[in-house]
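Visitor: I would like a friendly walk through this model, with the reasoning shown along the way. Where shall we begin?

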Amino acid sequence: MELFNNTTNKVRDDLEKKIVRESRVSVAAAYFSMYAYEELKAQLESVSEFRFIFTSPTFVKEQSEKQKREFYIPRLSREQSLYGTEFEIHLRNEMTQKAIAKECADWIRRKAKFKSNVTGENMGGFMTVETAEDLVYTPINGFTTVDIGCSRGNNAYNMVNRLEAPAASVYIKLFNSLWNDKDRLQDVTDTIIENISAAYDENSPEFIYFVALYHVFSEFLARLSLHLRLSNITKAATSPFWFSARKSFRRTGIHTKAITAIIR
């Protein structure tokens with residue numbers, strides 16, 4: 001057993017040594033960031049397989065309107081983490097996102113599979129590395145630069161344990177059981193590839209304008225109660241800004257319901 005404090009002793013440095021050619025890496029966590037992939041790119045390129053389970057519903061179709069209202073905001077955060085979490089903004093500002101996204105999408109097509117929890121069950125996070133020596137790292141909240149010790153985040157502490165067999169074998173067995181449970185998990189690999197690919201695709205100015213407007217409204221609405229949302233949307237619908245936006249949407253073929261659907 002070894003304990004990592006992710007400051008002087010980092011999970012990332014240990015993974016760099018423990019992930020070798022033909023290793024199989026399995027992660028159950030809430031977040032996946034392409035910047036964590038970038039940190040371990042050389043090692044992940046050599047694995048035989050990379051499996052990832054989103055421990056909460058992510059990139060899946062919502063089961064009901066009630067569920068959509070209750071979980072939209074945290075789910076949006078999980079999905080946006082593909083391009084970097086809020087604690088990886090400085091990495092996004094380095095303007096290397098397009099190159100990293102392209103490499104990550106290509107790697108996923110060849111090496112990785114993603115599935116998502118579609119139940120209301122809580123799932124704890126952990127990471128296993130299967131080689132000649134099986135290992136498990138726990139607890140792991142996400143596969144991000146914060147969780148592997150490359151970024152500070154806002155944690156008072158970030159302690160991770162590494163366990164060997166026989167404890168590691170129990171976690172590997174657990175992961176395999178979850179991975180093969182079609183009632184609990186849904187494959188979202190294609191959706192992951194599509195979303196990461198969007199980060200390096202060339203987009204028209206109109207599309208960028210729409211995305212920016214979407215984020216303006218989604219972040220604004222996230223801070224309002226349902227009552228205030230409806231009240232403010234009613235006011236916004238008659239504003240000069242909204243009138244201008246609708247004209248832009250008509251020119252680009254985007255219906256205004258794409259924005260108003262955010263409040264549902």
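Visitor: Which side chain meets Lys41 in a salt bridge?
Guide: Welcome, and please keep in mind that this is a predicted model. Lys41 is partly exposed, with a relative accessible area of 29%. Its salt bridge has an N to O distance of 3.8 Å, within the 4 Å cut-off. The partner, partly exposed at 28% relative accessibility, is Glu38.

Visitor: How far apart are the closest N and O atoms of Glu39 and Arg12?
Guide: Glu39 belongs to helix H2 (residues 34-39) and Arg12 to helix H1 (residues 11-18), so the pair links parts of the chain 27 residues apart. Glu39 counts as partly exposed at 29% relative accessibility, whereas Arg12 counts as buried at 15%. The closest N and O atoms of this salt bridge are apart by 3.2 Å.

Visitor: Is Glu130, which forms a salt bridge with Arg24, buried or exposed?
Guide: The closest N and O atoms of Glu130 and Arg24 are 3.1 Å apart. Glu130 lies in strand E6 (residues 126-130) and Arg24 in strand E2 (residues 24-29), so the bridge ties together parts 106 residues apart in sequence. Arg24 counts as partly exposed at 23%. Under 20% is the cut-off for buried, so Glu130, with a relative accessible area of 18%, is buried.

Visitor: How many salt bridges does a search of the whole structure find?
Guide: Some of them are joined up: Glu2, Asp14, Arg162 and Glu164 are linked in a network. For the whole structure, the search finds 16.

Visitor: What kind of aromatic pair do Phe32 and Phe50 form?
Guide: The structure holds 16 aromatic pairs. In this one the centres are 6.2 Å apart and the planes are at 65 degrees. Phe32 is in strand E3 (residues 31-32) and Phe50 in strand E4 (residues 49-54), 18 residues apart. Since planes over 60 degrees apart fall in that class, the pair is edge-to-face.

Visitor: What about the rings of Phe32 and Phe143?
Guide: Their centres are 5.6 Å apart. Phe143 lies in strand E8 (residues 142-143), so its pairing with Phe32 ties together parts 111 residues apart in sequence. Both Phe32 and Phe143 are buried. With planes at 20 degrees, the pair is stacked.

Visitor: Which helix gives the most to the largest nonpolar core?
Guide: That core has 40 residues, and those with the most contacts inside it are Phe32, Phe50, Phe114, Tyr137 and Phe143. Ring pairs also link Phe32, Phe50, Phe114 and Phe143 into a cluster that includes Tyr37 and Trp107. The helix giving the most to the core, with 6 residues, is H6 (residues 97-111).

Visitor: Over which ring do the charged ends of Arg51 and Lys115 sit?
Guide: The charged end of Arg51 is 5.6 Å from the ring centre, and that of Lys115 is 4.5 Å from it. The ring's residue is among those that Phe114 contacts, and it is included in a second, separate core of 11 residues. The residue is Trp179.

Visitor: What is the mean pLDDT of the protein chain?
Guide: Of its residues, 62% reach 70 or more. The pLDDT is below 50 over residues 64-73, and it stays under 50 over residues 251-264. Where pLDDT is low, predicted coordinates should not be read in detail. For the chain, the mean is 78.

Key
Residues numbered from 1 in each chain as written. Predicted model: local features only at pLDDT ≥ 70, side-chain atom pairs only at ≥ 80, totals over all residues. Heavy atoms only, no water. Phe/Tyr/Trp six-rings, centres within 6.5 Å; stacked < 30°, edge-to-face > 60°. Helix = DSSP H or I, 4+ residues; strand = E, 2+ residues; numbered from the N terminus. Buried < 20%, exposed > 50% of the residue type's maximum accessible area, 1.4 Å probe, protein only. Lys NZ or Arg CZ within 6 Å of the ring centre and 35° of its normal. Core = buried A, V, L, I, M, F, W, Y, C linked by side-chain atoms within 4.5 Å. Contact = heavy atoms within 4.5 Å. pLDDT = per-residue confidence, 0-100. Lists of a residue's contacts leave out its neighbours within four places in sequence.
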